[in-house]
Amino acid sequence: MTTRSRTTPRAVGITEVAQQAGVSPGTVSNVLNRPERVAEATRLKVEKAIVELDYVRNSSGSSLRSGRSDAVGLLVLDVTNPFFTEVARGVEEEAAEAGLAVVLLNSAETQERQRRNVRLLAEQRAAGAVVMPVDDDLSDLLWLHSRGTAWVALDRGDVTEDVGCSVSVDNQAGGAAAGRHLIGLGHEHVTFLTGPFAIEQVRRRHEGLRDAFTEAGLDPDDAVRVIEQPLLNSAQGERAVDAVLAGGPNRRPRAVFCANDQLALGLMKGLGRRGLRVPEDISVIGYDNVDFADLVHPGLTTVAQPKYELGRSAMRLLVSALKEPDHVHRRVLFTPELVVRGSTAALRSLQA
Ligand code: RIB
């Protein structure tokens, strides 16, 4: 029996490229790392040789010398949430412009997974990381920083400049906008369907909702009922229907503010399965404005977050931390925007 040995072709190196282009290996290195120092005619000759020989730079060599790879981590809370798709697109496009590769890691909303991912980034000598912390405990990020890995907190408004950079959206303003919208429709009682209050974003949305009722002269303790689910996903939204409708037809809420679109879309599915109509029987509002919010019928009224810009802005801060010697920590705060669709309606029009 013959065994075919797996021989991988020897990778083309800088020496071969230099010979092909008729220049020194040092000139090839300059074209790769400091092209502005090379005359255009010479640079074009080297680039032509790179294409002809199908040369690919071996970054592991440079990372061995520098002790850091050209990769950065993007550690998201829940990779199944389409909110993070747009965030990741912004992170990746900004990283690519800086010559960095992005490694996507999922915390699945657990500290244990976050800790494992943070250690993995340190083992891989990642140059830096954009991290959406699972909860208020930032010890993992401080540990990463102590190992020389720069990080930027994304989607957290409570990370102060003395600790690091952060990019977030004003979630309290977003919660207040949702509350004002429902109050403007005549709803004086709202159920807040949320994920764990350990997640700072949803706590701020709840605070903003309560602010809106206080602002309207209503007692938020009486007006706002909270239902807390273990996770912020559509399955938990669907499972929450019984809790939302508890108390029977005369006590069920006529408006539900969901801490994110995933919960809202799951709740709408569950309400439909029980023959309840949105918004005729119950108004539902979400948070994020993921693409699906506009694909369901009725369209989901929601509070839009600038997802792509969040990602780009976080990565821009990380590149600054990695490449600018005079970098100083900054907090970037975006403003959310209410998007009204068909899932909310005036209470008076619903009293059948
Ligand atoms: O990851 C949970 C939620 O927090 C997302 O849906 C988004 O709203 C983020 O802010």
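Is Cys258 buried or exposed? In this predicted model, Cys258 is buried, because its relative accessible area is 0% and the cut-off for burial is under 20%. Cys165 is also buried, with a relative accessible area of 1%. A search of the whole structure for disulfides returns zero.

The pairing of two strands was examined next. Strand 1 covers residues 71-76, and strand 2 covers residues 101-106. The two strands pair in the parallel sense. Six bridges join them. Within this pair, Val76 stands opposite Asn106 of strand 2. Between the strands, the chain passes through helix 5, residues 83-97. The resulting β-α-β crossover is right-handed. In a regular strand, side chains alternate between the two faces of the sheet.

Helix 8 spans residues 171-184 and holds 14 residues. From its first C-alpha to its last, helix 8 reaches 20 Å. That is close to the 20 Å expected at 1.5 Å a residue. At the start of helix 8, Asp170 makes a contact with the backbone. A side-chain oxygen of Asp170 comes to within 3.3 Å of the backbone nitrogen of Gln172. Several residues of helix 8 are buried, among them Asn171, Gly174, Gly175 and Ala176. The buried set also includes Ala178, Gly179, His181 and Leu182. Just after helix 8, Gly186 adopts a positive phi of about 95°.

Helix 9, residues 200-215, follows a loop that begins after strand 6, residues 190-194. Ile199 lies in this loop. Ile199 is buried, because its relative accessible area of 3% falls under the 20% cut-off. Leaving aside neighbours within four places in sequence, Ile199 is in contact with Leu77, Glu109, Val134 and Leu232. Pro133 is 66 residues from Ile199 in sequence. In space, the C-alpha atoms of Ile199 and Pro133 are 8.4 Å apart.

Arg204 belongs to helix 9. How buried or exposed is Arg204? Arg204 is partly exposed, because its relative accessible area is 23%, and partly exposed residues lie between the cut-offs of 20% and 50%. Not counting residues up to four places away in sequence, Arg204 touches Asn171 and Gln172. Asn171 is one of the buried residues of helix 8. Gln172 carries the backbone nitrogen reached by the side chain of Asp170. Val118 is 86 residues from Arg204 in sequence, and the two C-alpha atoms are 26 Å apart in space.

Terms used:
Residues are numbered from 1 along each chain as its sequence is written. This is a predicted model: local features need pLDDT of at least 70, side-chain atom pairs count only at pLDDT 80 or more; totals for chains, interfaces and linings use all residues. Side-chain values use heavy atoms; hydrogens and water are left out. Helices (H or I, at least four residues) and strands (E, at least two) are DSSP runs, numbered from the N terminus. The expected span of a helix is 1.5 Å times one less than its number of residues. Buried means under 20% relative accessible area, exposed over 50%, partly exposed in between (1.4 Å probe, protein chains only). A polar contact is a pair of N or O atoms within 3.5 Å; within protein, one must be able to donate a hydrogen and the other to accept it, and residues adjacent in sequence count only if both atoms are side-chain atoms. A disulfide is a pair of cysteine sulfur atoms within 2.5 Å. Two strands pair if DSSP finds at least two bridges between them. A crossover is right-handed if, with the strands pointing away from the viewer, the path from the first strand over the helix to the second runs clockwise. Contact means heavy atoms within 4.5 Å.
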